Amino acid sequence: MIEIKDLCKSYGENEVYKNFNLNLEEGKITCILGESGSGKTTLLNVIAGLTKFSGGVTNVRCSYIFQTPRIVPNLTVYGNLALICKDGARIEDMLKRLRLSDKRDSYPVKLSGGQAQRVAIARAFLYDGDVILMDEPFSSLDLKLKAELTELFLGLWRSDGRTAVFVTHDVDEAVAVAHRFLVINGGKIVYDKTPLGVPSRNFEESELIRRELISALINN
């Protein structure tokens with residue numbers, strides 16, 4: 001379990017969190033939603049140890065999938081993945097699973113946005129970490145690509161089972177992937193639900209969660 005205890009974080013006079021507490025269950029996908037500036041990315045950076053804060057946070061090894069892929073431009077797709085993993089067989093298998101085998105020797109400049117983000121997903125899963133942090137990784141993609149990458153991500157997650165924390169503005173995206181849903185506003189959790197079932201839940205439950213999330217985002 002990831003435990004965040006009495007978290008306090010400010011940027012100058014802007015207090016983002018004050019005595020904030022949260023426990024995240026291992027092996028589950030938690031989606032965090034909230035308006036811009038609500039502290040979603042800050043929370044990911046706290047978990048990853050990328051920003052200073054006061055309070056206690058479980059020390060975990062994290063891989064990070066950003067909104068932009070952030071892959072090394074002067075290395076091929078394979079070269080980028082080899083920075084993280086020295087097992088060639090694992091890399092080749094990951095390339096195959098993410099439909100990137102034909103891009104193995106391509107440089108990032110030759111990749112589409114969706115292909116580059118698939119490289120970022122591959123890198124995150126190849127890293128020997130405890131948690132995958134995801135900061136709106138599909139927000140710049142069109143609907144078709146977003147759906148494709150969501151399915152690819154879930155396919156990898158099902159065989160990996162790693163804890164994931166997924167920040168998004170997209171309610172439908174959250175409903176498609178998450179076990180637990182959090183809405184944050186003003187440094188506080190204003191909605192927290194862990195429905196029965198798995199991300200492939202039935203239509204009725206998905207619609208209920210979707211309506212509740214929209215209500216929480218609008219009314220808080």
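Which residue in β6 does Tyr64 stand opposite? In this predicted model, that residue is Leu133. I'll begin with the strands around this pair and then turn to one helix.

Tyr64 brings us to β5, which is joined to strand β6, residues 131-135, by four bridges. The two run parallel. They belong to an open sheet of six strands, and the order across it is β5-β6-β7-β3-β8-β9. Pairing in the sheet is mixed. At the edges are β5, residues 62-65, and β9, residues 188-193, each of which pairs on one side only. From one strand to the next, the twist averages 20°. Packed on the sheet is helix α7, residues 203-219, which touches β3, β8 and β9. The direction of α7 makes about 170° with that of β9.

Now the helix α5, residues 143-160. How far apart are its end C-alpha atoms? They are 25 Å apart, and this agrees with the 26 Å that 18 residues should span at 1.5 Å a residue.

At the N-terminal end, α5 is capped by Asp142, with a side-chain oxygen 3.2 Å from the backbone nitrogen of Lys144. After α5 comes Gly161, which has a positive phi, near 70°.

Which residues of α5 are buried? They are Lys146, Leu149, Thr150, Leu152, Phe153, Leu154, Leu156 and Trp157. As background, an α-helix has 3.6 residues a turn, so residues three or four places apart point the same way. The cover over the buried residues of α5 includes strands β3, β6 and β7. It also includes helices α3, α4 and α6.

Terms used: Residues numbered from 1 in each chain as written. Predicted model: local features only at pLDDT ≥ 70, side-chain atom pairs only at ≥ 80, totals over all residues. Heavy atoms only, no water. Pairing = 2+ DSSP bridges. Axes fitted to C-alpha atoms, helices over the stretch in contact; angles between N-to-C directions. Contact = heavy atoms within 4.5 Å. Expected span 1.5 Å × (residues − 1). Buried < 20%, exposed > 50% of the residue type's maximum accessible area, 1.4 Å probe, protein only. Polar contact = N/O pair within 3.5 Å; in protein donor to acceptor, adjacent residues only side chain to side chain.
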